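Student: Please take me closely through one part of this model, beginning with a single packing and working outward from there. I would like the terms explained as they come up.

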Amino acid sequence: MELTTVWFTLIAVLWTGYFVLEGFDFGVGVLLPFLARGEADRRAAVGTIGPVWDGNEVWLLVAGGATFAAFPEWYATLFSGFYLPLFLILLALIARGVALEYRSKSDGTRGWDRAFFWGSLVPALLWGVAFANIVRGVPLDARHEFTGTLLTLLNPVALLGGAATLLLFTLHGAVFLALRTTGELRGRAVRAARVLAPAALVVVAAFLLVIRSGPLSWAAVAVAVAGLLGTVAATAAGRDGWAFAASAAGIAAFTATLFTSLWPDVMPALDPANSLTVANAASSPYTLTVMTWVAAVCTPVVLAYQAWTYWVFRRRLTGEPSHAALH
Amino acid sequence: MDVLDLSRWQFGITTVYHFLFVPLTIGLSVVVAGLQTAWYRTGRQEYLRLTRFWGRLFLINFAMGVVTGIVQEFQFGMNWSAYSRFVGDVFGAPLAMEGLVAFFLESTFLGLWIFGWDRLPKRVHLATIWLAAIGTTLSAYFILAANSWMQHPVGYRIHDGRAELTDIWAVLTNSTTLATFPHVLFGAFLTAGAFVLGISAWFLLRGRDVDLFRRSARLALVVSLAAGIGVALSGHWQAQIMTRQQPMKMAAAEALWEDETSAGFSLFAVGDVENGRNHVNLQIPYGLSLLSTNTLDGKVEGINDIQARYQALYGPGDYRPVVGLAYWSFRLMIGFGALSALLALAGLWLTRRGRVPAGRWAHRAAIAGIGLPFLANSLGWIFTEMGRQPWTVFGVMRTAAAVSPGADVASVAVTLVGFTLVYAVLAVIEVRLLLKFIRIGPHEPEAEAEAATPALAY
């Protein structure tokens, strides 16, 4: 396999990891005002992601860094072209990160919970908008600079993509809360998942059918739909673990659809002559070789200790009042 | 202001702001890990209380470093897309390594440390804070390797209109990196030392938990003095490398206009940039030659001579940084850093063999001294980045050519104002939260012991 293919795949894997892991973090934030009644509930809901959210967000940073190292042209075009949406995502991630770390240390939590909600909702929506545009193509000039405006990015398909990721991540958060909590909080999370799953299924299927291209993406679409059907079935049957696994598989296949439809472009232009591809956006073979070794050595270690973290914090949390570890 | 100016202001503001939190994170992570190790080995309650108290302040600071760090990684692409296209092949590699090796390590193990007090066996829990501390330090290494490549590009060739990596080891073992890394690391320990000392002094001034804070004040004094010596030595080493690699930056730092042998070290100068000379210049004779070349009569190059040489080498243009800024930021960096180390030395003398400083002024000086390393850190970065101008990659790419060609003034202005306002609000929140937890102080021994015992509910 060519190294550019390896790195295209690896970047797809990093985004998959990011969406599967931070997807439920976003979902918990979006659902917080609807599912948690009272401070004890809210603390339990936030506590389910407390130990892991920061590690989950690093998947985004590594996806960004890997894109910079392996496909500098892609990184430069994407980040300078999607300027204002990325600014909003950054503000949201700042507000959300500070809210998660400071809410337990502050006297009032109301403002922080609001920041957590908006800081989760905005990226959950905008990542869908961004990826819909990446897959469909945007206006690029011969130097691969984006020539559109903010309004170019806010087209109907992109908004459908935003709705798809928002629903997908919110559902994922509901399923995650059902798995990680007990009592009434869990009951409300299960009910939310039952409502959200069919809606997510319809919107996600519609979006994927609109933007998919290439034969490989059919398989990915099929798995995504199967994953969401599985989520519907498992939530109905009250099988929390299976519901979470199915929804994670749905998100992974959703991301796979985006990337298989993209290949071999990384950033298609409206004028195909200006498109960025895995070939013309890539770093030199030497850099790709170096980075392949680094990734091959580090990734298994990272996966092992992150998995261990989830094992350490596997116990369900309750809405009962209790004291947090270090505040 | 045009897009270039706005982008430069944005990079300056967001980077200096980010670096207010980074050194404290690096330094305090090791201090907290050291205190927890002391508790693990001796089982004494005071070490647990100190670990938990400084740990709380560490986490408040850490959160700010994390959220402002995301902006750093994004803005290369957002505001500097021409730069990213040109250097990504080289510069992206250490950045990606930083994420893969360092960020995962620090974030994951810090999560385990925060929430693992009552979940993990003591020994494993101790390992998590050390792994997080190692993560923060590795992160500094990789990002300094990336920055050092901009100061002194090595291990690359220009091919197809971009810089391509030819030797990753050359980049990772760049002489500039090897000097900068210890300098930044010692600076981080000086910062943590001043922070711990100042807050301990505040408690001692009020007679609260005197035994506890006498212990941490003494620890902080030792850390600060050792770090201060380390900063000076590594800084000296770094300056000698800089004199060879970026003579213009050194000449600007010294307001040295003409080539000189037996050059003096300038203490105070009033310059005339237009005519390339100083009106007033108070010097320590032979000082600069000694510092730069280790000899009294060594030759040090001057701004006007280097400018002429660079015009011949790189073509017409102004290759001088803002001399006044380079001169004063360099001097004040050294001044604030040295003052911080001197405070530590004085403190060690005043507290020798268990003595207690008479009066309150020593405590007040320690509290005021918290700010000194922060000023020195910021000025150091302003010096090294502004002193490199007009280059973004020294000798290879000019800053004016690095900015995103598609960016418009309105967008960059909106994000500049947006980040600045959000950062200002966050600064207020962060300081208030720090003050709140300082006032609360260390919890009672029983409460801390209970929280640190495995098998309690979250």
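Tutor: The place to begin is the crossing of H1(A) and H9(A), which is right-handed (the near helix is turned clockwise from the far one by less than a right angle; anticlockwise would be left-handed). This is a predicted model, in which local features need pLDDT of at least 70 and side-chain atom pairs count only at pLDDT 80 or more, while totals for chains, interfaces and linings use all residues. Residues are numbered from 1 along each chain as its sequence is written, with chains lettered from A and ligands numbered from 1 in the order in which they are written.

Helix H1 covers residues 3-35 of chain A and helix H9 covers residues 183-211 of chain A, and their axes come within 11 Å and cross at roughly 115°. Axes are lines fitted to C-alpha atoms, for helices over the stretch in contact, with angles from 0 to 180 degrees between N-to-C directions; helices (H or I, at least four residues) and strands (E, at least two) are DSSP runs numbered from the N terminus. H1(A) and H9(A) are therefore roughly perpendicular to each other (65 to 115 degrees; under 35 is roughly parallel, over 145 roughly antiparallel, the rest oblique). From H1(A), the contact uses Leu31(A), Phe34(A) and Leu35(A), which meet Leu185(A), Arg188(A), Ala189(A) and Ala192(A) of H9(A), a contact being a pair with C-beta atoms, placed from the backbone, within 7 Å. By class, six of these residues are nonpolar, none is polar and one is charged (Ala, Val, Leu, Ile, Met, Phe, Trp, Tyr, Cys and Pro are nonpolar, Asp, Glu, Lys and Arg charged, the others, Gly among them, polar).

A packing between chains can be read in the same terms. Helix H12 (residues 285-312) of chain A packs with H3(B) at an angle of about 10°, their axes being 10 Å apart, and that makes H12(A) roughly parallel to H3(B). The H12(A) residues in this contact include Val290(A), Val294(A), Cys298(A), Tyr305(A) and Val312(A), and those of H3(B) include Asp89(B), Ala93(B), Leu100(B), Phe104(B) and Leu112(B). In the contact of H12(A) with H3(B), the residues divide into 15 nonpolar, five polar and one charged.

The contact between the chains takes 59 residues from chain B and 59 residues from chain A. On the side of chain B that touches chain A, the elements giving two or more residues are helices H2 (45-79), H3 (81-115) and H14 (409-440), together with strand S2 (162-165). H3(B) gives the most to that side, with 23 residues, and the residues of the side as a whole comprise 33 nonpolar, 17 polar and nine charged.

The backbone offers some further details for inspection. In chain A, a cis peptide bond with omega of about 0° joins Trp263(A) and Pro264(A), and Pro264(A) sits in the loop between helix H11 (240-262) and strand S1 (265-267). In chain B, Gln389(B) and Pro390(B) are likewise joined by a cis peptide bond, with omega of about 10°, and Pro390(B) occupies the loop between helix H13 (371-386) and strand S7 (391-393). Asn294(B), although not a glycine, has a positive phi of about 65°, and its place is the loop between helix H9 (287-293) and strand S6 (299-300) of chain B.

How values were computed: Contact = placed C-beta atoms within 7 Å.
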